[in-house]
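Open the model in your viewer and keep the sequence panel in reach. We will go from one selection to the next, with a short look at each stop.

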Amino acid sequence: MSNNNGTQMSDIEVATQEVVDRQLEAYNNRDIAAFAATYHDDVEIHEFPGGLRFKGKETLITTYGPKFASLKRLHAVSLTRIINNNILVDHELAESCSEDPKVVDRSIRVIASYEVIDGLIKRVVFM
C-alpha cells in the first residue's frame with residue numbers, strides 16, 4: 001500500500017492506518033462497541049497542552065457513549081494525514097448535529113495524534 005506521496009507503507013504503518021480508519025468509521029456510525037474495540041483497555045486520552053484527560057476503555061465508553069446516543073449525526077474526516085511507523089497524525093474536521101441530522105450545530109478542526117500498539121489505539125493526543 002502506498003501513502004499520499006506514493007512511497008510504500010510498512011506493515012506497521014498499514015496496520016496503524018487500518019485501526020484508525022476503523023475507529024473513525026465507528027465514530028461516524030455512532031457505534032460505541034465498534035469504537036471501543038479499536039482501543040487498548042488502558043488507553044490514554046490527552047489534550048494539549050492540558051495533559052491527561054482520562055485513562056481506560058471503560059471511561060472512554062462512559063465519555064463517548066452518551067454523546068453517540070444523544071446526537072443525531074457525527075461525522076469526522078481526515079483532511080491531512082501523516083503516518084510514521086505506529087504513530088498517525090490527522091488534521092480532522094469533526095461535525096455534529098444535535099437536532100436535525102442535516103443541520104450541523106458544531107464544526108471543529110482538530111489535530112489528533114494516535115499511537116497504536118499491538119493493533120489497538122493506546123494513546124491519543126488532541127490539539
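Start by selecting Arg-81 and Asp-21 and showing their side chains: a polar contact of 2.8 Å joins the two. Now add Asp-90, whose side chain also makes a polar contact with the side chain of Arg-81, again listed at 2.8 Å. Keep in mind as you look that this is a predicted model. Arg-81 lies in strand E3. Is Arg-81 buried or exposed? Its relative accessibility is 18%, and buried means under 20%, so Arg-81 counts as buried.

**The sheet**

Next, zoom out and colour the strands. You should find an open sheet of 6 strands, in the order E2-E1-E6-E5-E4-E3, with mixed pairing. Strand E2 (51–55) and strand E3 (73–84) are the edges, each pairing on one side only. From one strand to the next, the twist averages 25°.

Now select residues 106–117 and 120–126, which are strands E5 and E6; they run antiparallel and are joined by 6 bridges. Two pairs are good to label here: Ser-113 stands opposite Val-125 of E6, and Glu-115 has Arg-123 in E6 as its bridge partner.

Add helix H1 (residues 11–28), which packs on the sheet and touches strand E1 (39–47), E3, strand E4 (87–97), E5 and E6. The direction of H1 makes about 165° with that of E3. Then bring in helix H3 (residues 57–70), which also packs on the sheet, with E1, E2, E3 and E6 as the strands it touches. Here the direction of H3 makes about 85° with that of E2.

Hide the helices for a moment and look at E4 with E5. These strands pair in the antiparallel sense over 10 bridges, and Leu-93 stands opposite Arg-109 in E5.

**The core**

Bring the helices back and select Phe-35, Tyr-39, Ile-45, Leu-60, Tyr-64 and Ile-121. These are the residues with the most contacts inside the largest nonpolar core, which has 29 residues. At least two core residues come from each of H1, helix H2 (32–36), E1, H3, E3, E4, E5 and E6. Which element supplies the largest share of this core? That is H1, with 6 residues.

Centre on Ile-121 and show what surrounds it. Setting aside residues up to four places away in sequence, Ile-121 touches, among others, Val-19, Val-20, Tyr-39, Val-43 and Val-116. Gln-23, His-40 and Glu-115 are also among the residues it touches.

**The loops**

Three stops on the backbone remain. Select Phe-48 and Pro-49: a cis peptide bond joins them, with omega about 5°. Pro-49 is in the loop between E1 and E2.

Move to Asn-85, in the loop between E3 and E4. Its phi is near 55°, a positive value in a residue other than glycine. At 40% relative accessibility, Asn-85 counts as partly exposed.

Then go to the hairpin formed by E5 and E6, which has 2 residues between the strands. Asp-118, in the turn, is not a glycine and yet has a positive phi of about 55°. With a relative accessible area of 71%, Asp-118 is exposed.

**A last selection**

Finally, highlight residues 20–123, which an unreviewed UniProt entry annotates as "domain: SnoaL-like". The end C-alpha atoms of this span lie 12 Å apart, and the span is 27% helix and 51% strand.

Terms used: Residues numbered from 1 in each chain as written. Predicted model: local features only at pLDDT ≥ 70, side-chain atom pairs only at ≥ 80, totals over all residues. Heavy atoms only, no water. Pairing = 2+ DSSP bridges. Helix = DSSP H or I, 4+ residues; strand = E, 2+ residues; numbered from the N terminus. Axes fitted to C-alpha atoms, helices over the stretch in contact; angles between N-to-C directions. Contact = heavy atoms within 4.5 Å. UniProt positions renumbered as here; feature names shortened; annotations may be inferred. Core = buried A, V, L, I, M, F, W, Y, C linked by side-chain atoms within 4.5 Å. Buried < 20%, exposed > 50% of the residue type's maximum accessible area, 1.4 Å probe, protein only. Polar contact = N/O pair within 3.5 Å; in protein donor to acceptor, adjacent residues only side chain to side chain.
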